[in-house]
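Reader: I am new to this structure and would like a close look at one part, the place where the ligand is held. Please go through that part in detail and then say how the rest of the chain is built.

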Amino acid sequence: GVHSLQKPVRKFPEGFKFGAATAAYQVEGAWNEDGKGPSIWDDLTHTHPSPISDGSTGDVAADTYHLWKSDVELMKQLGLDFYRFSISWSRILPTGFADQINQKGIDYYDNLITELLKNKIEPMVTLYHWDLPSSLQKLGGLANPLIVEWFEQYARVVFDKFGDKVKYWITINEPKQICYEGYGSTAKAPQLNMTGIAEYICAKNVLLSHAKVYHLYDENYRYKQNGQIGISVSCTWYEPASDTIEDHQAAEDARQFDWGQYIHPIFSKTGDFPLSLKNNVRLRSKEQGFLRSRLPVLSSEEIVYIRGSSDFLGINSYTTKLTYRDASLEGMYPVPSYMDDMSAVMVKDASWPQAQSSWLQSVPWGFYKILTQVRYLYDNPAVWITENGWSTSGGLIDNDRVKYYRTYLSALLDAVEEGSNIKGYTAWSLFDNFEWMSGYADKFGIFEVDFKDPKRKRTPRKSAHVYKEIIRSRSLDMNYEVDDKTVLAP
Ligand SMILES: O=S(=O)(O)CCCN1CCN(CCO[C@@H]2O[C@H](CO)[C@@H](O)[C@H](O)[C@H]2O)CC1
């Protein structure tokens, strides 16, 4: 459809939920307080020279570890239906293993969850949002098949402690970022940088870890706790740069490599990795002299075990890339590598609005296409948008973020009106936070956080005022105006 700004007021479906999200390492701080053990992000940000663009760390971050009570008050004023946050594995299991449970860590999450429920805000809890306990990384982390058991042990503690209050669970946030950026490159911790090899080993172990915890919940907790459990997959839309068959094939391969790699095994009728991924990697591996494909095989038991292992699909979607395949690819990527296996070039269109983050451009029709494609490919699964947002360099009058949210929510409504089963929407992020390798330079918050203030003062941006009205009215009114003075008034 046409995502113009001139549409009249549009209502969201009955029962549609609105939330906002954060993640433990990005907001909590208290990195070594009250018995918390180190994670791979503590290790990475404490190396010298710092690999983080502004030399910062998550040692204090937005300090939600100490400010959680007043933060819930802010969420209540916003009118949030739910709050998505993640649990720091090493805060509750300092060694990574379930033999030592840190009660103060349990207390922090129990207090937060209780306060949320007291204010009629549903907690939506992510078990793993990238902050692996350091000890488990020393043992190989997601390259060690035993991660499946370690993750299950951790999940068992979490379900035992919080499962009577938490009804929405996400096992793993963005497996592709974990594997491709953390194991295949240096873009995320632990920076293994073994592209073409490590990300595929990671991918298999991540899928098995997710499925293990899904089945744990499904068989041992659902009957008494009645919750829903799913996974959040990062979904960028890849559009053919031109109408040639090569560019259509490149865009299709990019989609399968980026998100089909994780959605197909769980949500498709056949399960298993997508064919294009298996074929591309197998052929390249053979050419390169590997004894067998660099993409590990999923046995028929593993295929069955992973298939259907989710009550809903969490979609984290931000942006779109134009994608092409031509002779310029020759020598562009290392051999072997994930990008060489995919053999596609991704570019942005200069006309697209640009965020503070270099990878982020505003392309609402791409969001519509992702939602529509997911509906077609996977038989219209229950979907939660578990992340969508815009980064700026700061300031309270964030008109670009307001426009981003309005045009993306409009695209979401287009997909819903054509039948997509979308249950809710989560703004990334509630607060400015530690944006991984970009530190505090890229601000995603609808609330500004003053990182120079020891009290980490929160201030609602214009986007918070607009989001509040969208939630209150359960509708999208492109002409609803918020006066700048209202936003700037102390
Ligand atoms: O490589 S291209 O440019 O051709 C297209 C891919 C762009 N990706 C999309 C997903 N993004 C990770 C999103 O990461 C998510 O979003 C938030 C904002 O980054 C993070 O703070 C959250 O922790 C994370 O869940 C990394 C960049």
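Author: Glu-174 has a polar side-chain atom 3.2 Å from an oxygen atom of the ligand. This distance, like every other value here, is computed from a predicted model. Glu-435 also has a polar side-chain atom facing an oxygen atom of the ligand, in this case at 2.6 Å. In the side chain of Asn-173, an N or O atom is 3.0 Å from an oxygen atom of the ligand. As for cover, the ligand taken alone exposes 610 Å², and the protein buries 86% of that.

The ligand has 19 residues around it. Those that come nearest are Gln-26, His-129, Tyr-318, Glu-387 and Glu-435. Glu-435 is thus one of the nearest residues as well as the owner of the polar atom at 2.6 Å. By type, the shell around the ligand is made up of eight nonpolar, seven polar and four charged residues. The site itself is a pocket, and of the pockets it is the largest.

The chain around this site has 18 helices and 15 strands. Its radius of gyration is 22 Å, close to the 23 Å that the globule rule gives for 490 residues, so the chain is as compact as a globular protein of that length. The C-alpha trace spans about 65 × 55 × 50 Å along its principal axes.

Some details of the backbone can be added, and they concern loops. Trp-130 has a positive phi of about 85°, although this residue is not a glycine. Its loop runs between strand E4 (122–128) and helix H6 (134–138). His-129, listed above, is among the residues that come nearest to the ligand.

Two peptide bonds are cis. One of them leads from His-48 to Pro-49, with omega near -5°. Pro-49 belongs to the loop between helix H2 (40–45) and helix H3 (64–78). The other joins Trp-428 and Ser-429, and here omega is about 10°. Ser-429 lies in the loop between strand E12 (422–428) and strand E13 (447–449).

Technical notes:
Residues are numbered from 1 along each chain as its sequence is written. This is a predicted model: local features need pLDDT of at least 70, side-chain atom pairs count only at pLDDT 80 or more; totals for chains, interfaces and linings use all residues. Side-chain values use heavy atoms; hydrogens and water are left out. A residue is near a molecule or strand if one of its heavy atoms lies within 4 Å of it. A polar contact is a pair of N or O atoms within 3.5 Å; within protein, one must be able to donate a hydrogen and the other to accept it, and residues adjacent in sequence count only if both atoms are side-chain atoms. Accessible areas come from the Shrake-Rupley method with a 1.4 Å probe; for residues, only the protein chains shown count as cover. On a 1 Å grid over the protein atoms alone, a cavity is a set of points where a 1.4 Å probe fits but cannot get out, and a pocket is an open set with protein on both sides within 12 Å along at least five of seven lines; lining residues have an atom within 4 Å of a point. A molecule sits in a cavity or pocket if more than half of its atoms lie within 2 Å of its grid points. Ala, Val, Leu, Ile, Met, Phe, Trp, Tyr, Cys and Pro count as nonpolar, Asp, Glu, Lys and Arg as charged, and the others, Gly among them, as polar. Helices (H or I, at least four residues) and strands (E, at least two) are DSSP runs, numbered from the N terminus. The radius of gyration is taken over C-alpha atoms; the globule rule is 2.2 Å times the number of residues to the power 0.38.
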